[in-house]
Amino acid sequence: MRIDPAGWPFLTGPLVPAALAAAAGRRWAAWPFLGLSAYMALFFRDPDRRCDTVPADPDEVLSPADGVVMVAGDPQPDVAPEGEWQQVSVFLSVVDVHVNRSPYRGEVVESSYRKGSFLAAYRKESAHRNERSELWLREGDRTVVFRQIVGVLARRIVTRTGPGQRLATGERMGLMKFGSRMDVFVPPECTVLVSKGQRVRGGETVIARWPAAG
């Protein structure tokens, strides 16, 4: 299993006290550190998904993360960017894959980062009060906006892209450390295909679809 590079310090750190405890003959004391290291390997795992081998349909918007859909359709008040949008929000628990993927293809035309609070990511207030990173993707006349939002346990957003770069649908673009959420905003002409409470997989589940180009 591939491990995201951001995870190696968290994975290897607990191994040092585990080795010291074992060397001192206190093997029982090493087990909690070994368990913590194993959990970090689970948290920072980076599995391949279908989009890594099969290009997505040009009209599909894919889930940017694993988790459970919190919002699907009308945007939450004071959360969406200015204009008319539909919103799909995915809550990531501490056992979900936290590698983030681009929900659509195109050029990153705008990027912003804002410091904020660390409310629980499932609370609606977290969408506009918590620390977050926002990206605008544009492909022709199509625009998709998405945000990485950290939660009560998360303390850092990793965003590995920026203005001027192009992303493919489902391409890895960052990571959030521990429980968090991702918001995706698509225009009204898109059809939202998921519902609240549904489990989704990053880079595989189609969350919305653009009308076919005529």
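Helices (H or I, at least four residues) and strands (E, at least two) are DSSP runs, numbered from the N terminus. The structure shown is a predicted model, in which local features need pLDDT of at least 70, side-chain atom pairs count only at pLDDT 80 or more, and totals for chains, interfaces and linings use all residues. Residues are numbered from 1 along each chain as its sequence is written, and side-chain values use heavy atoms, with hydrogens and water left out.

**View 1. The whole chain, with its 4 helices and 14 strands.** Let us start with the overall picture. Of the 214 residues, 51% count as buried (under 20% relative accessible area; exposed is over 50%, and partly exposed lies in between, with a 1.4 Å probe and protein chains only). About 10200 Å² of the chain is exposed, and carbon and sulfur atoms supply 56% of that area (Shrake-Rupley method, 1.4 Å probe; for residues, only the protein chains shown count as cover). Take the contacts (heavy atoms within 4.5 Å) between residues at least 6 apart in sequence: 72% of them join residues at least 24 apart.

**View 2. Q86 in strand β3.** With a relative accessible area of 17%, Q86 is buried. Leaving aside residues up to four places away in sequence, Q86 touches G73, V184, F185, V186, P187, P188, C190 and V192. For C190 there is also a polar detail to look for: the Q86 side chain reaches the backbone oxygen of C190 at 2.7 Å.

**View 3. D78 in the loop between β2 (67-73) and β3 (86-92).** Here the backbone is worth a look, as D78 has a phi near 65 degrees, a positive value in a residue other than glycine. D78 counts as exposed, at 72% relative accessibility.

**View 4. An open sheet of 3 strands in the order β4-β10-β8, with antiparallel pairing.** Two strands pair if DSSP finds at least two bridges between them. β4 (99-101) and β8 (157-159) stand at the edges with a single partner strand each, so one side of each is left without a neighbour in the sheet. On average, neighbouring strands of this sheet are turned by 25 degrees against each other, direction ignored (axes are lines fitted to C-alpha atoms, for helices over the stretch in contact, and angles run from 0 to 180 degrees between N-to-C directions).

**View 5. The antiparallel pairing of β4 with β10 (residues 172-176).** Strands of a sheet pair through backbone hydrogen bonds, either parallel or antiparallel. Between β4 and β10 there are 3 bridges. To find your way along this pair, look for N100, whose bridge partner in β10 is G174.

Notes: Polar contact = N/O pair within 3.5 Å; in protein donor to acceptor, adjacent residues only side chain to side chain.
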